[in-house]
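Trainee: Before I rely on the terms used for this model, could you take me through what stands behind each of them?

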Amino acid sequence: MKQSLTLGKVTKFMGLGFLSTLKGLFTGKLDKEEFKTFLRKTVVPIASILLFIGLWHMGAKSLYNIEADHKIEKALTDQGQEAAVALRACIASGESGCQPNTLPSPSQVWDSYKSLLRDHNIIAADKAAFIEKTAALNETRTAQGLDAITYTGRPSFVDQIFRSLKTVFAGFLLALFIAVPLGIFIGLSPTLKSAFNWFIQIFKPVSPVVWYLLVFMIVKTLLIGSNEDSSFTISFISVGLCSMWATLVNTAMGVSSVDKDYINVAKVLKLGNFQKIFKVVLPSSLPLIFTGLKITLSVAWMVLIAIELLAQSPGLGLFVWEEFQNGANDSNAKIIVAMFVIGIIGFLLDRLMLTIQNWVSFDKTDAI
Amino acid sequence: MSVIMDNKRETSLVGNGLFPSKDVMLDLKNLKKVYPTPKGDYVVLEDLNLQIRKEEFVTIIGHSGCGKTTMLSMIAGLNPISGGNISVLGKHIKGPGPDRGVIFQSPSLMPWMTTLQNVMLGVNQVFPHASRAQRTDIAKYYLQKVGMEDSFNKRASELSQGMQQRVGIARAFAIKPKVLLLDEPFGMLDSLTRGELQDILIEIWNKEKITAVMITHDVDEAIFLADRVVMMTSGPKAKIGDILNIDFERPRTRKSVLEHNDYYKYRKHLIDFLEH
């Protein structure tokens, strides 16, 4: 009965089943039926991605041409023939100073991605060198009871990603610890349900921006006199408050809709409240709680960008905003890189939740 | 109509030594159940009187919707009583409790638990002072009795309906209730599995002799298992219509019951009642 854990099973468990057909392709063991699945699950997605990149390339090119023509025409009317010719030559030469500012092409985005990575490597090396140099000094400082000197240089793109992930997980945990217990209480008690219902209905649709402002008002006052940078606190609390509603509603629904037979069993056995909740109610509502948590995590990731931007909290949101303000030649491409990174991380977070859900839940149908 | 008559008959039966005990285990007195509806009250049960003795197995038959399940869930304490009372060993019941074990129509096992954990859930509750090893032994003993000794660690969701109901039987017996209530426990099974489970149930019951009340739709099942078959009139205002004593010796085998001269007489009696 012992089942070996093969790569295929792991990938399927994580909802990445399409990867398993790849293995068959490389080992050359594919019958007709498998080949069909391979076509549908691997070739079609890759083809659609290529098509997307192609359309994007053409779209970016025509936008580039429109912008370039407009620029040249403007130079012609404003500064005359000579300037227009010079500008045309400048654009054609590819010099960065006179390039039209529009949607970047896929290759530009790829270049920006590489340059961001290079930038990260430089910063990381710089940071490592800094830490090495200050190690001895910091030791004596801590011995004297002084604060250690920390690296205060510009964060790299990768650092920003990790900052964002940190914020989103802090917010997610906050949502988890508020929404799941509260949802259980609301689901168990019709009185609490009617007490909280209006509250949920009113606050659920509130925009992340407003949540941010609300949290800002409160945290600012609470942290009066403290020198600490409150931007991280404010942004993770806002993320948590924005995203907790799905979990709250789903938990309450799951708890209040536990199969009546299970409740009857608990009643006949006279299980105490603690036992009833942990042995019957919670396991039975776990699939719905996880559906809620999955939505919460994706909402948290989505609103994070807007909230970081407002809170000036370091992270991908702030990165996007700074690049937009910066307006450098490759800023637009960097924004698109951030967009893809945000999307891919969002996808991975969703898969992560699905994996955990399959792990803990008795209901093995994968809810996607 | 025949309650009083029936009591007389029972007295004589006790005299004959057919009933092991004279003690009344379960007593339903003037039981009434009313569901309020927008069009006025709907009376499901009225003036229902039934006494069930210790170590007796009673099956209840009647048409669908006559209130059998309502009555059983009232005995279990899962459905509030509108009038009259129910007592177990002379004490009025107040809500559900492990002194009245229930085997539900659907097995109602917790699908996230193993079979052993499902049985242990009740055992832990009823024998809190026993050691963990002792409690595990109790649970394993009953699982063995129902033929599930190879599946202690299987999740309930991996089992077939029939297997799940076996665990349901083990769970009910393992908490050693005073009264066992069975709500059409084999109604959802195919006839082959049903026969198997009837045998398992009666075998374990012969050992434990727990007073049992079982609802069934199956006339043969009712005769095979019961000391008395209680027939309920059709609702609304259902009550006990007739009671039939089944005088087969225990332990019974299916074969001996089917070959008994009285079998078809009993069967005809029940079918005549149901067809009226």
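**Terms and what supports them**

Mentor: Let us begin in chain B of this predicted model, where an open sheet of four strands runs in the order 2-1-4-5 with antiparallel pairing.

Trainee: What makes strand 2 and strand 5 of chain B stand at the edges?

Mentor: Strand 2 (40-53) and strand 5 (91-92) of chain B each have a single partner strand, so one side of each is left without a neighbour in the sheet.

Trainee: How do you know that strand 1 and strand 2 of chain B pair?

Mentor: Two strands pair if DSSP finds at least two bridges between them, and strand 1 (residues 24-37) and strand 2 of chain B share 10 bridges in the antiparallel sense, so the criterion is met. Within this pairing, Tyr35(B) stands opposite Tyr42(B) of strand 2.

Trainee: Turning to chain A, what makes the reach of helix 5 close to the expected one?

Mentor: Helix 5 (residues 106-143) of chain A has 38 residues, and its first and last C-alpha atoms are 53 Å apart, which is close to the 56 Å expected at 1.5 Å a residue. Helix 5 of chain A nevertheless bends, by about 50° at Ala135(A), and just after this helix Gly145(A) takes a positive phi of about 85°.

Trainee: Why are Gln108(A), Val109(A), Ser112(A) and Leu116(A) called buried?

Mentor: A residue is buried if 20 or more other C-beta atoms lie within 10 Å of its own, and Gln108(A), Val109(A), Ser112(A) and Leu116(A) are the buried residues of helix 5 of chain A. What covers them includes helix 6 (157-188) and helix 13 (331-360) of chain A.

Trainee: UniProt places a "transmembrane region" at residues 168-188 and 209-226 of chain A, among others; what is the chain like over these two stretches?

Mentor: That feature comes from an unreviewed entry, and the annotation may be inferred rather than shown by experiment. In the model, residues 168-188 of chain A are 100% helix and 0% strand, with end C-alpha atoms 29 Å apart, whereas residues 209-226 of chain A are 78% helix and 0% strand, with end C-alpha atoms 25 Å apart.

Trainee: Which residues are counted in the contact between the chains, and which helix of chain A gives the most?

Mentor: Two residues are in contact if their C-beta atoms lie within 7 Å, and the contact takes 13 residues from chain A and 17 residues from chain B. Helix 10 (260-268) and helix 11 (273-311) of chain A each supply at least two residues of the side that touches chain B, and helix 10 of chain A gives the most, with six residues.

Note on methods
Residues are numbered from 1 along each chain as its sequence is written. Chains are lettered from A and ligands numbered from 1 in the order in which they are written. This is a predicted model: local features need pLDDT of at least 70, side-chain atom pairs count only at pLDDT 80 or more; totals for chains, interfaces and linings use all residues. The expected span of a helix is 1.5 Å times one less than its number of residues. The bend at a residue is the angle between axes fitted to the seven residues ending there and the seven starting there. A residue is buried if 20 or more other C-beta atoms lie within 10 Å of its own, exposed if 12 or fewer, and partly exposed in between; C-beta atoms are placed from the backbone.
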